[in-house]
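Let's take a friendly look at how some helices pack here and at what surrounds the ligand. Have the structure open beside you as you read.

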Amino acid sequence: MADTKEIVVEGVEALTLNGKTEEAKEAAAATTTGAATDDDVDVVDPWTVTSANDGGVDYEKLIKRFGSSKIDDELIARFEKITGKPVHHLIKRGLFFSHRDLHSILTLKEQGKSFYLYTGRGPSSGSLHVGHLVPFFITKWLQDTFDVPLVIQLTDDEKVLWKDLKIEDAIKMGRENAKDIVALGFDVNKTFIFNNLEFMGKCPAMYQNIIRIQRCVTFNQVKGIFGFGDSDIIGKIGFPAAQAAPALSSTFPFIFGNRKTACLIPCAIDQDPYFRMTRDVAPRLGFPKCALLHSTFFPALQGAKTKMSASDQNSAVFLTDTPKQIKNKINKYAFSGGRTTVEEHREFGGNTEVDVAYQLLRFFLEDDAKLEEVRIAYTKGEMLTGEIKKLAVETLTPIVEQHQAARKLVTDEVLDKYYEIRPLKFGS
Ligand code: TRP
């Protein structure tokens, strides 16, 4: 039975973007350079992520505002018990920190029932940056752990509607991005990749689900959820249904037949508005609500006030960067939590909460003991800024190099196999 909180939080009518009106949102955006006094200074929606704090968005407050649930020790313990292995370090370290209905997914696993994974990428640039890997790392780990099918949506349509991009170019970028995704080693027998601008013409079931979803949501509701206004183009207003449709298993009849299979979506938390809408609509169409696993944002090199962005060359380490570029970018731009002089640093120590090199290590240095050593040494001032940056460079460089080697092997023929409309092979 749904409790009151659930009704308030899940009801599309009750949902406003960030729980605020558009005016309030704009006002909040306008004050992001001002002092951080309350939670209004964090702006989190699918298009904007900013915080006035050097430490980044206040995620505890965000959980409350979005009405999601924290991934707590109890959930992690249950996760580990059911899967029989330790959770991924991104979950353990709280970088995936929030969820909706993850318990139901674990219960399915307990009962030996299946579910599927759904994630995606909006192709707005030819090259991905290291932050883009995060949801795909966890997705791959979940797929390996649970032996379940995975669908990956490339929202090339979204990027045409939101960016100054031609259809043809968005499709091309989507394919380039898909090569990076495939290079992470997804099992082709269990993984289906599709781009909206082409797949929909081949799969009437998807368009039919989009229309079913669009019939359930009014303009008022999308205005409330996404902040759309009267002068937004109509493509934007209809688009959320295209991101929602893959959360209904009947969008892929060639994979699921007419089974109503449960869906788990790993994503960064800025995508949550789409899935709040989806969760509201799904039961009305006879489907289970999708479950969600939310990540924090990957900080820009300049600091966690914004996230790494593919449209700002200096904010990000790209998967195409050379070792030299990686070193230069991190040394030059990575926001430091260190003190202004070595003497002061030795005396008072550095601040790992705002230090971007340290944050990079939290995402990419798998060795827990080593990470903890670094945290202590940097906080005490025993480790200097130059040293922590060096470690970040040494950690990231081989990951990028290995990625480049793996990506070279992803030819167009290899990629086409993932795009092929076909049944997938998985579990029971
Ligand atoms: N809108 C997302 C982006 O801009 C792409 C996306 C589509 C997605 N479907 C998704 C992300 C499902 C996470 C989960 O990147």
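In this predicted model, helix H12 (residues 219-226) packs with helix H16 (residues 272-281) at an angle of about 145°, and their axes are 10 Å apart. The crossing of H12 past H16 is right-handed. If you would like to find the contact on your screen, look for Val222, Ile225 and Phe226 on the H12 side, and for Pro273, Tyr274 and Met277 on the H16 side. The residues of this contact are 6 nonpolar, with no polar and no charged ones.

A second helix pair is worth a visit too. Helix H17 (residues 323-333) and helix H21 (residues 385-408) cross at roughly 145°, with axes that come within 9 Å. The crossing of H17 and H21 is right-handed. From H17, the contact takes in Pro323, Ile326, Lys327, Ile330 and Asn331; from H21, it takes in Lys389, Ala392, Val393, Leu396, Thr397, Val400 and Glu401. Sorted by class, the contact of H17 with H21 holds 7 nonpolar, 2 polar and 3 charged residues.

Now for the ligand. Which residues are the closest to it? Of the 14 residues that surround the ligand, the closest are Tyr118, Gln153, Glu158, Gln243 and Gln271. For three residues, the table gives the distance from a polar side-chain atom to an atom of the ligand.

| Residue | Ligand atom | Distance |
|---|---|---|
| Tyrosine 118 | nitrogen | 2.9 Å |
| Lysine 159 | oxygen | 3.4 Å |
| Glutamine 271 | nitrogen | 2.9 Å |

On its own, the ligand has 370 Å² of accessible area, and the protein covers 90% of that. Tyr118 and Gln271, both listed among the closest residues, are thus good places to start when you zoom in on the ligand.

How values were computed:
Residues numbered from 1 in each chain as written. Predicted model: local features only at pLDDT ≥ 70, side-chain atom pairs only at ≥ 80, totals over all residues. Heavy atoms only, no water. Axes fitted to C-alpha atoms, helices over the stretch in contact; angles between N-to-C directions. Helix = DSSP H or I, 4+ residues; strand = E, 2+ residues; numbered from the N terminus. Left-handed = near helix turned anticlockwise from the far one by under 90°. Contact = heavy atoms within 4.5 Å. Nonpolar A, V, L, I, M, F, W, Y, C, P; charged D, E, K, R; others polar. Near = heavy atom within 4 Å. Polar contact = N/O pair within 3.5 Å; in protein donor to acceptor, adjacent residues only side chain to side chain. Areas by Shrake-Rupley, 256 points an atom, 1.4 Å probe, with all protein chains shown as cover.
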